[in-house]
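Hi,

Here is the structure I promised to pass along. Have a look at it first, and then read on for what turned up.

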Amino acid sequence: MTLLFAGAAGEVTGSCHILSKGDGFLFLDCGMFQGGDERHHRNRQGFPVPADRVRAVVLSHAHLDHCGRLPLLVRHGFSGRIFATGPTCQLARIVLHDSAKLNEEDANWKIKRLKKKGEDWSWVSPLFTGDDVDKLEPLWEPIPYGEWVATNGSVRFRLLDAGHLLGSAMVEVRWQENGRDRSLLFTGDIGPHGMPILRDPVNVASADVLLLECTYGDRNHEPKEGYEQRFGEVISQTLRDGGVVLIPSFAVGRTQEVLYVLGQLMRTGLLPKTDVFVDSPMAEEVAEVYRRHLSLYDEEAKALVRAGRDPLSFPTLRYVKTVEESKELNDRSGPFIVIAGSGMCTGGRIKHHLAHRISDPRTTIIFVGFQAKGTLGRQIVEGASQVRIFGDLHLVRAQVVMMDAFSAHADQSELVRWAEGFHRPPTVTFLVHGEPESATGLKTILSGKGWNCWVPQSGQSVRLSATDFR
């Protein structure tokens, strides 16, 4: 068995790890690269192995940086099956269709701009289209947690609850080599303990090879205790001043968590009842998927449902569907709250709201998730005095607040706590889905506990039959 790191190695986005045994390949994720000027070129590049020899793709979850290049894989000749939990299959369809729409709109905007300038526009095309996404339809293969699935030869896998997003999973792969059972665990993204709505990630007792995410491997989130109250206080102050709160948030997962907390704050009186606009065409669809899978909720969320309450709704919540409705928010005076994607401000409707309000000191921008290098969100969080949005420079006068307690990723202490659930350390642990500082930080701690940790680079390939990676 050979493992090729084709994305999310030395970085956070573009998750893709390729297992090969015999003449076939198994993809663990097939994610899109996000952030940085080079992302367009990287996403359009071909894959490092022939797509028509890929037997299957196993998705850890439905975020775009884990599933976003699936339409391109099919375009290159892939016709195998895409395995994931039922919720992940449903959410990924929504995410990919929304991404296709944004890609097509972006391409049309560029063409119009180039035509107006009298420049060549023949090179412009969307990364993929809705038709490309439709070609995935017969390939989806939903499977429940815990059920073993055989791919080819002696290779089989199962999915385990990762607690990161509805339907998110770790992938446990087992195979026979030289008469010996071997195992690999790919964590995908691990959720923190006590995350709203979802169950905690499962503990795993053993694995020969571990692919461990380390997004926050070098730091801890702010304490969970009191973060909801602080969130409410920041918002309340802005609303009292007649301002607008902008919350960049991924429509899948993070938006539902934010709505859950906002609803709780309003129900308990810690936040005044105010208009909340979710400016995302797909967020309402995502909420419906969540409501179809109540069995995956944690006990607190199930208790709300049993009491007749919708954990993802409250009377002042409004979903914004059309572009015209979105534009109307820019002409509206505060106080109110806008939740819009994308979570890293790399595209979507949040960029329009930022362009309109980032220079207004009455605006508060609350970031509730990780901001990758090269993204507009990262620039704002790091204190840029001015940023470029749609080609124009804007002074940053808005209040900027980072609340990483909302993160759906386990932090350093939680990753270590999860790793300590192993009966013995894996033979080798590869730290993936983290920037170099994050990987180094987690490696230092785990190595001090006797773990053999490697930080792979994109494009690196290793033979897993080796008994010693030291």
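**Cysteines**

The structure, which is a predicted model, holds 0 disulfides. Take Cys67: the nearest cysteine sulfur belongs to Cys30 and lies 8.8 Å away, and Cys67 is in no disulfide. With a relative accessibility of 0%, Cys67 counts as buried. Why is there no bond for Cys214? The closest cysteine sulfur, in Cys453, is 9.7 Å from that of Cys214, which is too far for a bond. Cys214 also has 0% relative accessibility and so counts as buried.

**The parallel sheet**

You may want to colour this part by strand. An open sheet is formed by 6 strands with parallel pairing, and their order is S14-S13-S15-S12-S16-S19. Its edge strands are S14 (317-320) and S19 (399-402), each of which pairs on one side only. On average, neighbouring strands in this sheet are turned by 20 degrees against each other, direction ignored.

Starting from the S19 edge, strand S16 (residues 364-367) pairs with S19 in the parallel sense over 4 bridges. Phe367 has Met402 in S19 as its bridge partner. Helix H6 (residues 227-240) packs on the sheet, where it touches strand S12 (244-248), strand S15 (336-340), S16 and S19. The direction of H6 makes about 160 degrees with that of S16.

Towards the other edge sits strand S13 (residues 276-279), which pairs with S14 in the parallel sense over 4 bridges. In that pairing, Val278 stands opposite Tyr319 in S14. S13 also pairs with S15, again in the parallel sense and over 4 bridges, and here Asp279 stands opposite Ala340 in S15. Are the residues on the two faces of S13 buried or exposed? Both faces are covered: Val276 and Val278 on one side, and Phe277 and Asp279 on the other, are all buried. Asp279 is therefore a charged residue that is buried in S13.

**The antiparallel strands**

Strand S8 (residues 155-161) has a partner in S7 and another in S9. With strand S7 (residues 149-152), S8 pairs in the antiparallel sense over 3 bridges, and Asn152 stands opposite Val155 in S8. S7 and S8 form a hairpin with 2 residues between them. One residue in that turn, Gly153, has a positive phi of about 60 degrees. With strand S9 (residues 169-177), S8 pairs in the antiparallel sense over 6 bridges; there, Asp161 stands opposite Ala169 in S9. Since 5 of the 7 residues of S8 are buried, this strand is largely enclosed by the rest of the structure.

**A helix pair**

The last item is a helix packing. Helix H4 (residues 86-117) and helix H8 (residues 283-292) pack with their axes 10 Å apart, at an angle of about 175 degrees. That angle is over 145 degrees, so H4 and H8 are roughly antiparallel to each other. Which residues of H4 and H8 meet? From H4 come Pro87, Gln90, Leu91 and Ile94, and they meet Glu285, Val286, Val289 and Arg292 in H8. Sorted by class, this contact of H4 with H8 has 5 nonpolar, 1 polar and 2 charged residues.

Happy browsing, and do write back if you have questions.

Best wishes

Conventions:
Residues numbered from 1 in each chain as written. Predicted model: local features only at pLDDT ≥ 70, side-chain atom pairs only at ≥ 80, totals over all residues. Heavy atoms only, no water. Axes fitted to C-alpha atoms, helices over the stretch in contact; angles between N-to-C directions. Parallel < 35°, antiparallel > 145°, perpendicular 65-115°, else oblique. Contact = heavy atoms within 4.5 Å. Disulfide = S-S within 2.5 Å. Buried < 20%, exposed > 50% of the residue type's maximum accessible area, 1.4 Å probe, protein only. Pairing = 2+ DSSP bridges.
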